[in-house]
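This report looks at a metal site, at aromatic contacts and at charged groups over rings. The sequence and the structure are shown first.

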Amino acid sequence: MKDMSEGYVTADGRQIGGVLMEMKNITLRFGGVVAIKDISFDIRDGEIRAIIGPNGAGKSSMLNVISGFYVPTEGEVWFKGVRRGPMKPYQVARLGVARTFQNIALFDGMTVLDNIMTGRLTRMKAGLLSQALWYGAAEREEIAHREKVERIIDFLEIQNIRKTPVGRLPYGLKKRVELARALAAEPKLLLLDEPMAGMNVEEKEDMSRFILDLNDEFGTTIVLIEHDMGVVMDLSDRVVVMDYGRKIGDGPPEEVRNNQDVIDAYLGVAHD
Amino acid sequence: MPDQLVYAMEVTLNGLMAGVMYSLVALGFVLIFKASGIFNYAQGVLALFAALTLVGLQQGQVPFAHLINAVFGTDLHHFGWHLPAVVAIALTAGVMVLMAIAVEKLVLKHLVNQAPIILFMATIGLAYFLEGFGDVMWGADIKKLDVGLPQGISETIESVTADWFGYGFFIDNLDIVATVVAVALVTALTVFSQYSKQGRALRAVADDHQAALSVGISLRFIWVLVWSIAGFVALVAGIMWGTKSGVQFSLSLIALKALPVLMLGGFTSIPGAIVGGLIIGVGEKLFEFSIGPMIGGATENWFAYMLALLFLVFRPQGLFGERIIERV
Ligand SMILES: Nc1ncnc2c1ncn2[C@@H]1O[C@H](COP(=O)(O)OP(=O)(O)OP(=O)(O)O)[C@@H](O)[C@H]1O
Ligand SMILES: [Mg+2]
């Protein structure tokens, strides 16, 4: 295998950097269930990395390990060359890792704008006391954050629903708002758990375009779980394939597609 | 103007002011319930504990004096100082923050992801613990609380209403102060939750825990924050009720007055707590005034609960709650 420690150039000519995050021998158990079995892989700076696999393969579990929602039973997580101790999700978020959820987790009682503003929380400085005592500074900060958020709203083309309470939005738009909130944190690493599930073709195309554009414009590294193979082929630079908690494939999409284990897993060949 | 109507107006006014007090207590419940889904049984005891601490600090009482004297054979009672009310109130607020931190560290932290009923049980335990702790720390005798709030019938209002209606209203100065303070408190809380970073985080946690975690909010910090605020609200309620009727065990029973308010207003609605409190305050005073004499009086003991029950039957989601229809 060729040495990729200094990064590589993608099929469409983008330069991918060194290792941003590395998962080493990750195992995750829930009582008797082994959701992840001794999996290792890395995520390069600037790439779009897909995780695919049949239902129950452990994809979401892996994303939850990366984002600190689950603590792996065994194994190490390295981020920017440093081994990460056991961390709470909010600590991981503050390191620059943002995420969306498979089942959408938005603040239903808030407007679209307020939802996206919460994405800025990790970037807000003003403390309790200074906000009370020095209103001017707090106000200036708020305005600066609002500007950032407005740019994201423009980028994702959701200007017309800014003041709508999120609970009232249709599914496809909710997914988009969730992405907007994650982007508001200006993350180094963005984790998307089935961002296109339940969308129609047109919505999927929009979402694909947003993902490619934000990777291109902001250089955001993206990990993406997706069932639609067409989307995976189009978007991702490298793919991890999971099945029953194990890793059965890892590489560029064309390579993975022709891997016999992967074909078997997807065709439901009996496991012995 | 017919006399009955004028009397009714006076009763309504008194009811509104009593209602403000109920709202204040209910508010403490709502804050904690919204942020953590915990029904805090200890809210009333928090008010008692805050009032006890305030009196103790103000009068320079030695905390745990009984215990210390019993163990060491000493005879300590007072430090011999008398703190100004403002200083004592600020110190007590500090004590309530320390208590919030202790509750989070010693109790809540260990009960993450437990069923609501377990958390409810924990707050019952906390209530009894605090009650005993307050006794040991400050003594079980009835104390007088005086932070310089005006008391007695307002002469201004009496003379003004006498001019207008030919009948002077009896309104307690303390009730007027309580109303002003409660309005200020609610305004401050609203501004805080709408416009500050921590307030925004608080609303986020109240709405969705998972999502809140994903945007970098520490749940534990938020818990300390809401318990601190609830402790502060309890302190304010404790000052008002303590000034009115002395600091004693029965002060913790004001929580019982908040229950019907919550049934009316909903457990998660701040406007609900306020309006619910006012409706109950006015309702029970007017009922006592109009129907009470016919059925032998003392209706204030049960009226609030009856009203709340009726309300539950027809509007189980509370005044401002949205009706939840189960998805099938
Ligand atoms: N919190 C949990 N407690 C217990 N078991 C869990 C938990 N989370 C996941 N699992 C189990 O781990 C396994 C992998 O689940 P996971 O959600 O990661 O799969 P997935 O690949 O995301 O599937 P899908 O495509 O359906 O989303 C499943 O057997 C699931 O039941
Ligand atoms: Mg999943």
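## Metal site

In this predicted model, the magnesium ion (ligand 2) is coordinated by Ser60(A) through OG and by Gln102(A) through OE1, at 2.0 to 2.1 Å. These two residues link distant parts of the chain, since Ser60(A) belongs to helix H1 (residues 59–66) of chain A, while Gln102(A) lies in the loop between strand S8 (97–99) and helix H3 (112–118) of chain A, 42 residues apart.

Ser60(A) is partly exposed, with a relative accessible area of 22%, and Gln102(A) is also counted as partly exposed, at 30%.

## Aromatic pairs

Over all chains, the structure holds 20 aromatic pairs. One of them joins Phe33(B) and Phe267(B) in a tilted arrangement, 5.5 Å centre to centre and with 55 degrees between the planes. Because Phe33(B) lies in helix H1 (residues 3–36) of chain B and Phe267(B) in the loop between helix H11 (254–265) and helix H12 (270–290) of chain B, the pair ties together parts that are 234 residues apart in sequence. Phe33(B) is partly exposed at 25% relative accessibility, and Phe267(B) is partly exposed at 30%.

The pair of Phe64(B) and Phe133(B) is edge-to-face, because the planes of the rings, whose centres are 5.6 Å apart, stand at 70 degrees, and the cut-off for this class is over 60.

A single aromatic cluster is formed by Phe29(B), Phe33(B), Phe39(B), Tyr41(B), Phe120(B) and Phe267(B).

## Charges over rings

In chain A, Arg99(A) lies over the face of Phe69(A), at 4.8 Å from the ring centre, and the charged end of Arg209(A) sits over the ring of Phe210(A), 5.1 Å from its centre.

Definitions and conventions: Residues numbered from 1 in each chain as written. Chains lettered and ligands numbered in written order. Predicted model: local features only at pLDDT ≥ 70, side-chain atom pairs only at ≥ 80, totals over all residues. Heavy atoms only, no water. Donors = N, O, S within 2.8 Å, 3.2 Å for Na, K, Ca; no water. Helix = DSSP H or I, 4+ residues; strand = E, 2+ residues; numbered from the N terminus. Buried < 20%, exposed > 50% of the residue type's maximum accessible area, 1.4 Å probe, protein only. Phe/Tyr/Trp six-rings, centres within 6.5 Å; stacked < 30°, edge-to-face > 60°. Lys NZ or Arg CZ within 6 Å of the ring centre and 35° of its normal.
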